There are 2 protein chains.
Amino acid sequence: MSVKSLTTPLEAFEERLREVIRSDVEFIRLIEEDLVTAGGKRVRPQLVFLASGALGGVPHAVDMALVVELLHSATLLHDDLVDDAETRRGQVAAFRKYGNAVSVLSGDYLLARLMHLLAEMGRMELVAMVAQTARELSEGEVLQFQVAALADYSLEAYERIITGKTGSVTRLCCEGPAVLADAPAQQRQALAQFGLLYGQAFQMRDDYLDLMGSPEVLGKPVGGDVREGKLTRVTLRLLEEFPQEVGQILRRKGEGVGDLERLRTLVVQSGIDREIVEAIRERVEAAVAHLEALPPSPYRDALEALARKESSRLS
Amino acid sequence: MSVKSLTTPLEAFEERLREVIRSDVEFIRLIEEDLVTAGGKRVRPQLVFLASGALGGVPHAVDMALVVELLHSATLLHDDLVDDAETRRGQVAAFRKYGNAVSVLSGDYLLARLMHLLAEMGRMELVAMVAQTARELSEGEVLQFQVAALADYSLEAYERIITGKTGSVTRLCCEGPAVLADAPAQQRQALAQFGLLYGQAFQMRDDYLDLMGSPEVLGKPVGGDVREGKLTRVTLRLLEEFPQEVGQILRRKGEGVGDLERLRTLVVQSGIDREIVEAIRERVEAAVAHLEALPPSPYRDALEALARKESSRLS
């Protein structure tokens, strides 16, 4: 069953999103309209709706989807400074148009609106969960920066970064509906674990493709992470296998002629590509196994299909 | 009665602050230690403690003080990008040491911790109030930027900016304790109004001294707002009185020889100085009048004294 054929309240979501982020300050409006129009794939709201469906329907599901999307969007706005990304979702990064200041403050505005939604939803446990997610997110992002600055690479740091940046939010997407549904502890735990592992696999794939994907599919040049000194599992393994050669390439941030092509060749020659693909597949399977705790439904199937997509199309 | 002679739980506050913002991510720790060590005057926590005292004591007062201080500190971290300030609280601005990225993300970390405190405090009404404050704050800051970018000055915009940047937070400092104490509506309303008006007066004085104060007292060169194109009531009135000459000076951001001195002279010659001082005094008196709704106490007296300070020492 394809995810798209399931009825999800995505239209209600889009409508309410526009309503929630509306501001009478023009510069905020310009940035938020950019985000809304750019749209993105709404992966996180979809996760909320599928998890809600798998629980047989959940009150406040649209608001829950808004909370995760606003958190994600605020992170994008605060992240553009970090990434120095040329493009984001195919648009010129917001901060290049309006300046860092307005980006950061508009991100803060989204966080304020998110908090307002949480107050309306009236579940204090959810406030605590969002606080924990936001903490892991910011710690993960700063750790990524710190690791890049100090070139202090480790698998432990990598796991924490992908958990913070992505796993913590996808966990919230899946566990949040369970809280709103007052689901049994076992189902809640299963959804939380599914969300966490799925998000980690998602980020692992993203990081892998950043070096190993084709620029056409990526929609950007390969090797962005290498240029920014960001730790990924691929570069970590390359450093272990070829400390001297890869160490040199990473220190010069892949800016030598043929550097990135050389890294790609080494990945394939050493079999690191198969190793990483296998690690992603394992993470996906671990995620899917947790879905057993939920009753069979097309929504559960769709969650499984969503996760399985991460271990396919890895080039 | 001086404010300092009142026993406030400021020591408990400092201790718990260190505990709440502790992170095992080193780069976050460095920035937060900067903030904690720099200390600042803790004006906002003091307001919380005085309002709590005026209500005869309030549960969670220390946590409430932490919430407002974390919100304020996060704003400083996100604001350094905006201000391009050379110094902040006498320290080198955090972002110059560690980069914009870490500053913004460490600010986000503080917001996450603040949300966690709110969840622990367990009052949903407070979550809504903090959300509203954070909204006004971010909207006020973006509006300030927008007004500077478009040179679109008006008294209405100025009032909204000082309310967003300062009044909304000081209102939270005073109204929050009333919520926690389940105070009667009249007392809650009075404290909210006192906080709002006091904060506006505080910001009006700050803006006035930015041009008219002495550099020694300010601890920085005068005219920072003029250089950043920021709207203040002084520049607004100057523009009304001397549209051509002041318009030219503001368009070149006060960078001509003798520009700032000329502005100061015009302010005194035209009597705008006395006019602004009077406006601040009126705002302070309006704030103080609301305190009548509270029973007499040394805490109420201290709130009054705090507000009155804003309309004295205006040079």
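With 315 residues, a compact globule would be expected to have a radius of gyration near 20 Å, and chain A has 20 Å, so the two values agree. Keep in mind as you read that this is a predicted model. If you draw a box around the C-alpha atoms of chain A along the principal axes, the box is roughly 55 × 50 × 30 Å. Inside that box, chain A has 15 helices and two strands.

Next, let us look at how chain A is packed. Of its 315 residues, 60% count as buried. The accessible surface of chain A comes to about 12600 Å², and carbon and sulfur atoms account for 50% of it. Contacts tell us about the path of the chain as well: among those between residues at least 6 apart in sequence, 75% join residues at least 24 apart. Chain A also carries 37 positive and 48 negative charges, and the mean positions of these two groups are 2 Å apart.

Now bring in the second chain. How large a turn lays chain A on chain B? A turn of 180°, with a shift of 0.0 Å along the axis, does it with an RMSD of 0.0 Å. The two copies are thus related as by a two-fold rotation axis. What about the surface through which they meet? Of the interface residues of chain A, 100% are also interface residues in chain B, so the copies meet through the same surface.

A good residue to visit here is Ser106(A), which lies in helix α5, spanning residues 94-121 of chain A. Is Ser106(A) buried or exposed? Its relative accessibility is 0%, so Ser106(A) counts as buried. Setting aside residues up to four places away in sequence, Ser106(A) touches Ile28(A), Ile31(A), Glu32(A) and Leu77(A) in chain A, and Val142(B) in chain B.

Let us move to chain B and to Val226(B), which sits in helix α10, made of residues 224-227. Because its relative accessibility is 4%, and buried means under 20%, Val226(B) counts as buried. Which residues surround it? Leaving aside neighbours within four places in sequence, Val226(B) is in contact with Leu211(B), Thr235(B), Leu250(B), Lys253(B), Gly254(B), Leu260(B) and Leu263(B). As for distance, Val226(B) is 212 residues from Glu14(B) in sequence, and their C-alpha atoms are 35 Å apart in space.

Distance along the chain and distance in space can be followed for other pairs too. Tyr299(B) lies in helix α15, which covers residues 298-309 of chain B. How far is Tyr299(B) from Leu50(B)? The two are 249 residues apart along the chain, and 5.3 Å separates their C-alpha atoms. Tyr299(B) has a relative accessibility of 23%, so Tyr299(B) counts as partly exposed.

Now take Leu10(B), found in helix α1, residues 10-21 of chain B. Leu10(B) and Arg252(B) are 242 residues apart along the chain, and their C-alpha atoms are separated by 45 Å. Not counting residues up to four places away in sequence, Leu10(B) touches Arg42(B), Pro45(B), Gln46(B) and Phe49(B).

Back in chain A, Arg264(A) offers one more pair to trace. Arg264(A) belongs to helix α13, residues 259-269. It is 51 residues from Gly213(A) in sequence, with 9.7 Å between the C-alpha atoms. Gly213(A) is also one of the contacts of Arg264(A), along with Leu211(A), Met212(A) and Val222(A), once neighbours within four places in sequence are left aside.

We finish with a detail of the backbone. Most residues other than glycine have a negative phi. His60(A) is not a glycine, and yet its phi is positive, at about 65°. Where is His60(A)? You will find it in the loop between α3 (43-54) and α4 (61-83) of chain A. With a relative accessible area of 37%, His60(A) is partly exposed.

The partner residue in chain B can be checked in turn. His60(B) has a positive phi of about 65° although it is not a glycine. His60(B) lies in the loop between α3 (43-54) and α4 (61-83) of chain B, and at 37% relative accessibility it counts as partly exposed.

Terms used: Residues numbered from 1 in each chain as written. Chains lettered and ligands numbered in written order. Predicted model: local features only at pLDDT ≥ 70, side-chain atom pairs only at ≥ 80, totals over all residues. Heavy atoms only, no water. Helix = DSSP H or I, 4+ residues; strand = E, 2+ residues; numbered from the N terminus. Rg over C-alpha atoms; globule rule 2.2 N^0.38 Å. Buried < 20%, exposed > 50% of the residue type's maximum accessible area, 1.4 Å probe, protein only. Contact = heavy atoms within 4.5 Å. Areas by Shrake-Rupley, 256 points an atom, 1.4 Å probe, with all protein chains shown as cover. Lys, Arg positive; Asp, Glu negative; His and termini not counted. Charge placed at Lys NZ, Arg CZ, Asp CG, Glu CD. Least-squares fit on C-alpha atoms with pLDDT ≥ 70 in both.
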